[in-house]
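Me: Hi! I would like to learn how to read salt bridges in a protein model. Could you walk me through them?

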Amino acid sequence: MPLVKSLWASIQGDPVFMRRVNGWLTIFWLVMIPVSLVTHWVNSVVYVSALSLWALVSGHWSAWQAARVEVKQHEEAEAAKQENVPEQVVQEIIARTEIQPDPSVGAGSAPA
C-alpha cells in the first residue's frame with residue numbers, strides 16, 4: 001500500500017504527466033462518441049450508467065485539482081507578502097558593491 005501511495009503522490013505532483021493523461025483521455029472519449037453511436041451502446045443502461053459515473057468522478061477530480069492549485073497559489077501569495085523583496089534587493093546590492101547606506105536617512109524613508 002505505501003508503494004501505491006508513493007506512486008499516486010508522484011503522479012499528482014507531476015503536472016506534465018497529468019496534462020498528458022487528461023489529453024489522452026479526452027481523445028479517447030472523443031473517439032468513443034461515434035463508436036458508441038454506431039454500436040448502439042448509448043441505448044444500454046449499463047453503458048450510460050458507466051459514463052455517468054465517469055463524468056461524476058472526472059468532474060470532481062478536476063474540481064479537486066483546481067482547488068489544490070488555488071490553495072498553492074494562495075500560500076505562495078501569502079509567502080510573497082511576508083517577504084520584503086525591495087529590502088532584499090538593496091541588501092544584495094550593498095553586499096555586492098561598494099555602495100553604503102546613508103546613515104542620515106532612516107530605514108524606509110526617502111531623503112528630503
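Me: What meets in a salt bridge with the side chain of E78?

Reply: Generally, a salt bridge is a side-chain nitrogen of Lys or Arg within 4 Å of a carboxyl oxygen of Asp or Glu. Here, in this predicted model, the partner of E78 is the side chain of K81, at 3.5 Å from N to O.

Me: Why are E78 and K81 separated by about one helical turn?

Reply: Helices (H or I, at least four residues) are DSSP runs, numbered from the N terminus. E78 and K81 are about one helical turn apart because they lie three residues from each other in helix α3, residues 45-82.

Me: Is K81 buried or exposed?

Reply: Buried means under 20% relative accessible area, exposed over 50%, and partly exposed in between, with a 1.4 Å probe and protein chains only. K81 has 63% relative accessibility, so it is exposed, while E78, at 30%, is partly exposed.

Me: How many salt bridges does the structure hold?

Reply: There are two. In the one between E92 and R96, the side chains meet at 2.5 Å, N to O. These residues sit four apart in helix α4 (residues 85-96), so about one helical turn separates them. E92 is partly exposed at 38%, and R96 is exposed at 68%.

Me: Which element has the highest mean pLDDT?

Reply: pLDDT is the predictor's confidence in each residue, from 0 to 100. Helix α3 has the highest mean, 89, and helix α1 (residues 2-12) the lowest, 74. The protein chain averages 84.

Me: Any ground rules?

Reply: Residues are numbered from 1 along each chain as its sequence is written, and side-chain values use heavy atoms, leaving out hydrogens and water. Local features need pLDDT of at least 70 and side-chain atom pairs count only at pLDDT 80 or more, whereas totals for chains, interfaces and linings use all residues.

How values were computed:
Helices (H or I, at least four residues) and strands (E, at least two) are DSSP runs, numbered from the N terminus.
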